[in-house]
Amino acid sequence: MDFRFSDDQLSIQSIARDFAQKRIAPVAADFDKSGEFPLENIRQMGQLGLMGIEVPVEYGGAGMDSIAYVLAMIEIAAADCAHSTIMSVNNTLYCNGLLKFGSEEQKRKYVTPIASGEAIGAFALTEPQSGSDATAMRCRAVRQGDGSFVINGKKSWITSGPVAKYVLLFAMSDPDKHARGITAFMIDTARAGFHCGKTEPKLGIRASATCEIEFEDYHVPAEDVIGSEGHGFKIAMGVLDAGRIGIASQAVGLSRAAYQATLTYAHDRKAFGQSIGSFQMIQQKIADMKCKLDAAELLTLRAAWTKQQGGRFSTEAAVAKLSASEAAMWITHQAVQVHGGMGYSKEMPLERYFRDAKITEIYEGTSEIQRLVIARNETGLR
Ligand code: CAA
């Protein structure tokens with residue numbers, strides 16, 4: 001087992017760290033407060049290659065591997081979770097899906113502007129009545145005589161929905177076939193029949209724009225079907241496997257930021273005549289935080305490595321996401337506790353870390369869904 005990173009991997013890590021610390025960390029609290037979308041920062045991240053890390057250079061990306069993606073995501077998330085949410089959806093749910101299942105023409109047309117950061121991509125699976133039970137979707141795609149489709153329905157919780165140029169959409173094209181009746185489509189948000197609905201007021205990742213989107217007799221030409229008709233659910237599940245590695249990386253970055261802040265505070269804060277870090281109750285928290293952080297990071301890197309070998313990596317991705325998100329929730333909780341009143345105050349970033357951590361246990365498959373995926377794969381039972 002080789003724990004060393006390649007020069008390329010270290011290079012993107014260093015680019016991401018530099019940008020995160022200089023351009024994101026100083027403004028993260030302001031964006032969290034205002035809920036404004038950090039458009040200029042996202043554009044610059046695109047220019048640095050951070051919005052399409054695994055996308056080949058000929059389609060506008062950085063042409064790197066999954067480990068490089070994890071390392072860069074950790075750096076961005078350590079500065080601000082909202083920026084890393086936008087980065088994650090763009091990289092994995094959108095670009096990765098099209099790269100894997102799109103035609104050559106679709107990749108050139110729909111990946112290049114998004115991977116280069118010129119525009120932003122989104123992924124639309126969830127609906128108001130179908131979250132974990134994704135095949136219960138009601139958004140309907142009706143095939144026309146010329147092979148085109150007409151879409152009607154609503155999708156919810158769409159990350160970057162209000163600003164996206166293109167959306168990878170999943171809709172039911174044959175309800176009798178359930179999972180095998182779902183088809184994937186490329187949506188151009190500038191076309192007639194696409195509308196943005198209500199924006200979600202959220203507990204955390206407030207600067208990432210999240211909204212409902214609606215389709216009213218939206219016409220998709222035959223050439224914008226992604227993969228084949230009825231293959232959409234497998235595309236969505238495959239894309240989410242990769243997406244879950246992104247969320248695990250985000251949780252690791254967030255945990256690292258909370259852990260490092262805790263180490264500093266444990267040294268600096270004095271009580272009963274000494275640094276609070278010298279008390280065993282604080283030391284126990286620090287040791288447990290360190291173990292959970294390192295385990296989450298290693299499991300996330302293992303999932304990325306497994307993905308790079310080809311073949312299915314659903315279990316590794318689910319193990320990484322479940323472990324890293326629960327570690328992030330626990331670590332940020334303990335970090336607030338060690339900081340006491342300052343952990344609860346908006347003068348320090350701990351309360352933001354704590355609020356941001358919660359979403360990692362919910363989106364791209366709840367912790368309950370990760371457990372279901374792991375247990376089904378391990379036992380072979382349903
Ligand atoms: N890769 C490829 N194919 C897969 C797959 C995978 N990871 N998982 C399942 N499939 C295939 C199955 O093999 C099966 O194929 P066949 O029909 O040929 O047998 C088909 O898909 C149906 O699979 P299941 O019977 O297992 O489906 P299910 O209805 O029991 O659901 C589930 C499985 C794991 C619960 C799934 O619905 C799921 O993951 N739900 C959570 C959805 C989710 O993560 N939503 C997040 C939305 S994105 C988001 O968060 C927003 C954002 O912008 C960040």
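Colleague: How much space lies in the largest pocket?
Modeller: Keep in mind that this is a predicted model. Leu125, Met237, Leu240, Arg244 and Ile369 are the closest to the centre of that pocket, out of 46 lining residues. The space in the largest pocket comes to about 1400 Å³.

Colleague: Which helix gives the most to the lining of the largest pocket?
Modeller: Several elements chip in with at least two residues each, including strand S1 (121-124), strand S3 (149-159) and helix H12 (367-379). Helix H5 (81-101) and helix H7 (232-268) are on that list too. With seven residues, the top contributor is H7.

Colleague: How many charged residues are in the lining of the largest pocket?
Modeller: Split the lining by class and you get 21 nonpolar and 15 polar residues. The charged residues there number 10.

Colleague: And the second largest pocket, which helix supplies the largest share of its lining?
Modeller: That pocket has a volume of about 430 Å³. Asp2, Phe3, Ile67, Leu301 and Trp305 sit closest to its centre, among 14 lining residues. By class, the lining holds seven nonpolar, two polar and five charged residues. Seven of the lining residues come from one helix, residues 280-308, and that's H8.

Colleague: Is Phe3 buried or exposed?
Modeller: Phe3 sits in the segment before helix H1 (7-24). On the surface, Phe3 joins Met1 and Leu298 in a nonpolar patch with about 430 Å² of accessible area together. The relative accessibility of Phe3 is 55%, and the cut-off is over 50%, so Phe3 counts as exposed.

Conventions:
Residues numbered from 1 in each chain as written. Predicted model: local features only at pLDDT ≥ 70, side-chain atom pairs only at ≥ 80, totals over all residues. Heavy atoms only, no water. Patch = residues over 30% accessible without salt bridge, like charges linked within 9 Å, V, L, I, M, F, W, Y side chains within 5 Å. Areas by Shrake-Rupley, 256 points an atom, 1.4 Å probe, with all protein chains shown as cover. Salt bridge = Lys/Arg side-chain N within 4 Å of Asp/Glu carboxyl O. Helix = DSSP H or I, 4+ residues; strand = E, 2+ residues; numbered from the N terminus. Buried < 20%, exposed > 50% of the residue type's maximum accessible area, 1.4 Å probe, protein only. 1 Å grid on protein atoms, 1.4 Å probe; cavity = no way out; pocket = protein on both sides within 12 Å on 5 of 7 lines; lining within 4 Å. Points joined across faces, edges and corners; volume = space filled by probe spheres on them. Nonpolar A, V, L, I, M, F, W, Y, C, P; charged D, E, K, R; others polar.
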